Amino acid sequence: MADGHLFNSISLGGRGGTNPGQLKVHSGGVVWKKQGGGKAVEVDKSDLLGLTWMKVPRSNQLGVRTKDGLYYKFTGFRDQDVASLTTFFQSNFGTTPEEKQLSVSGKNWGEVDLNGNTLTFLVGGKQGFEISLADVSQTQLQGKNDVMLEFHVDDTTGANEKDSLMEISFHIPNSNTQFVGDENCP
Amino acid sequence: GDGRAAVRATTDLIAYRSVNELPPPREMMIQVDQKNEAILLPIYGSMVPFHVATVKNVQSQQDTNRNCYIRILFNVPATPSAPQDANSLKNQGAIYLKEVSFRSKDSRHISELVQLIKTLRRNVMNREFERAERAT
């Protein structure tokens, strides 16, 4: 393979869980194909907004953010893949992936960061979890301090997920100054 | 009082010290890790850990379409079960995850989870309470 790298067991994560597939990184961009056909994801390097690496249990996760506001998360990279791909991204895309850390402390308090469609819950500056606001069907303010997000019922893509997230709510104490006066955003 | 001491102790509990301590990813379903006193929630293709001491309550219910739901409520400041504790003072300005709700097709799995989480939570809280009692 003169032009790029091929990875055979890379899963795409999303609202309905994960889908196994194959990822090709070439000088023009990134292509992922679902195992057995069907869904494919193609990101041209000119559409790339940013890349991230994050260590996850037994693996590494590549985050691909596009200028259209889409955000893909690919999991299944070994540590040595991270090193070789980082070099490849630097020389072919002119981008160095940003390193993120996953929070595993199990705490339920932190910060909320909004970036495009993505809501990130951060614990001690590390990522607890991310959700896509594009999947939120309704937001409700409950009382003065709670925001509830309801997710679309997803019966089509959630086949490999046994338990599906339906609702999530955040408590924003009065001592929080980040979202004062912005009741539409959690 | 005694309650305060117990609450203070539990806010310092952590589930895992490093990413590699998490159980290997399996099915995308809610799991209970007894050893690390954690529950793992499938959120957007990742298993997200929460220490059981952050859990306030857990409930299940079933709708008319045989869908089963599990609702996990977490401790947040200034609620009756978590009074103005060290937590809310220490974490001024923090945002809390208050509640998550999942739908499942497997009602047995959900009722097992409710039992497991309740038992684990009770054991951890009792242990921490006793530890706090001994310390005073």
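Q: What share of chain B's 136 residues counts as buried?
A: It's 40% of them. This is a predicted model, and a residue gets called buried here if 20 or more other C-beta atoms lie within 10 Å of its own.

Q: Why is B:Gln59 called exposed?
A: Just count its neighbours: B:Gln59 has 12 other C-beta atoms within 10 Å. The cut-off for exposed is 12 or fewer, so with 12 B:Gln59 counts as exposed. You'll find B:Gln59 in strand β4 of chain B. Its C-alpha atom is 8.2 Å from that of B:Tyr69, a residue 10 places away along the chain.

Q: And why is A:Leu114 called partly exposed?
A: Try the count again: A:Leu114 has 13 other C-beta atoms within 10 Å. Exposed stops at 12 and buried starts at 20, so a count of 13 falls in between and A:Leu114 is partly exposed. Look for A:Leu114 in strand β9 of chain A. If you want a landmark, A:Asp47 is 67 residues from A:Leu114 in sequence, and their C-alpha atoms are 21 Å apart in space.

Q: How do you know that the length of helix α1 of chain A fits what is expected?
A: Set the model against the rule. Helix α1 of chain A covers residues 79–92, which is 14 residues, and at 1.5 Å a residue these should span 20 Å. The sum uses one less than the number of residues. The end C-alpha atoms of α1(A) are 20 Å apart, so model and expectation agree. Just after α1(A) comes A:Gly94, which takes a positive phi of about 65 degrees.

Q: How far does helix α3 of chain B reach from its first C-alpha to its last?
A: It reaches 42 Å, close to the 42 Å expected for its 29 residues, 107–135, at 1.5 Å a residue.

Q: Which residues of α3(B) are buried, and what covers them?
A: B:Ile110, B:Leu113 and B:Arg121 are buried in α3(B). The cover for the buried residues of this helix includes β1 (31–33), β4 (55–62), β5 (68–74) and β6 of chain B. A handy rule about helices: residues three or four places apart point the same way, because an α-helix has 3.6 residues a turn.

Q: What pattern does chain B follow along its sequence?
A: Reading along, you get α-β-β-β-β-β-α-β-α, with three helices and six strands in the chain. Of the contacts in chain B between residues at least 6 apart in sequence, 58% join residues at least 24 apart.

Q: What makes β1 and β2 of chain A a pair?
A: Pairing needs at least two bridges. Strands β1 (residues 5–14) and β2 (residues 17–26) of chain A have eight, and they run antiparallel, so they count as a pair. One spot to look at is A:Gly13, which stands opposite A:Thr18 in β2(A). The two strands form a hairpin with two residues between them.

Q: How many bridges join β2(A) to strand β3 of chain A?
A: Six, again in the antiparallel sense, with β3(A) covering residues 29–34. A:Leu23 has A:Trp32 in β3(A) as its bridge partner. β2(A) and β3(A) also form a hairpin, with two residues between them.

Q: What makes β9 of chain A and β6 of chain B a pair?
A: The bar is at least two bridges. β9(A), residues 109–115, and β6(B) have two, in the antiparallel sense, so the strands pair. In β6(B), B:Tyr96 is the bridge partner of A:Trp109.

Q: How many residues does each chain bring to the contact?
A: Chain B brings 44 residues and chain A brings 43. On chain B's side, β2 (38–43), β3 (46–51) and β6 (95–104) each supply at least two residues. The largest share comes from β6(B), with 10 residues. Sorted by class, chain B's side has 26 nonpolar, 12 polar and six charged residues.

Q: Where are the domains of chain A, and how far apart do they lie?
A: Domain 1 is 5–99 and domain 2 is 111–171. Their C-alpha centres lie 23 Å apart.

Q: What confidence does the predictor give?
A: The complex gets an ipTM of 0.89 and a pTM of 0.89. Chain B has a mean pLDDT of 85, and 83% of its residues reach 70 or more. Over residues 1–7 of chain B, though, the pLDDT is below 50. Where pLDDT is low, the predicted coordinates should not be read in detail.

Key:
Residues numbered from 1 in each chain as written. Chains lettered and ligands numbered in written order. Predicted model: local features only at pLDDT ≥ 70, side-chain atom pairs only at ≥ 80, totals over all residues. Contact = placed C-beta atoms within 7 Å. Helix = DSSP H or I, 4+ residues; strand = E, 2+ residues; numbered from the N terminus. Nonpolar A, V, L, I, M, F, W, Y, C, P; charged D, E, K, R; others polar. Domains from an automatic or database assignment. pLDDT = per-residue confidence, 0-100.
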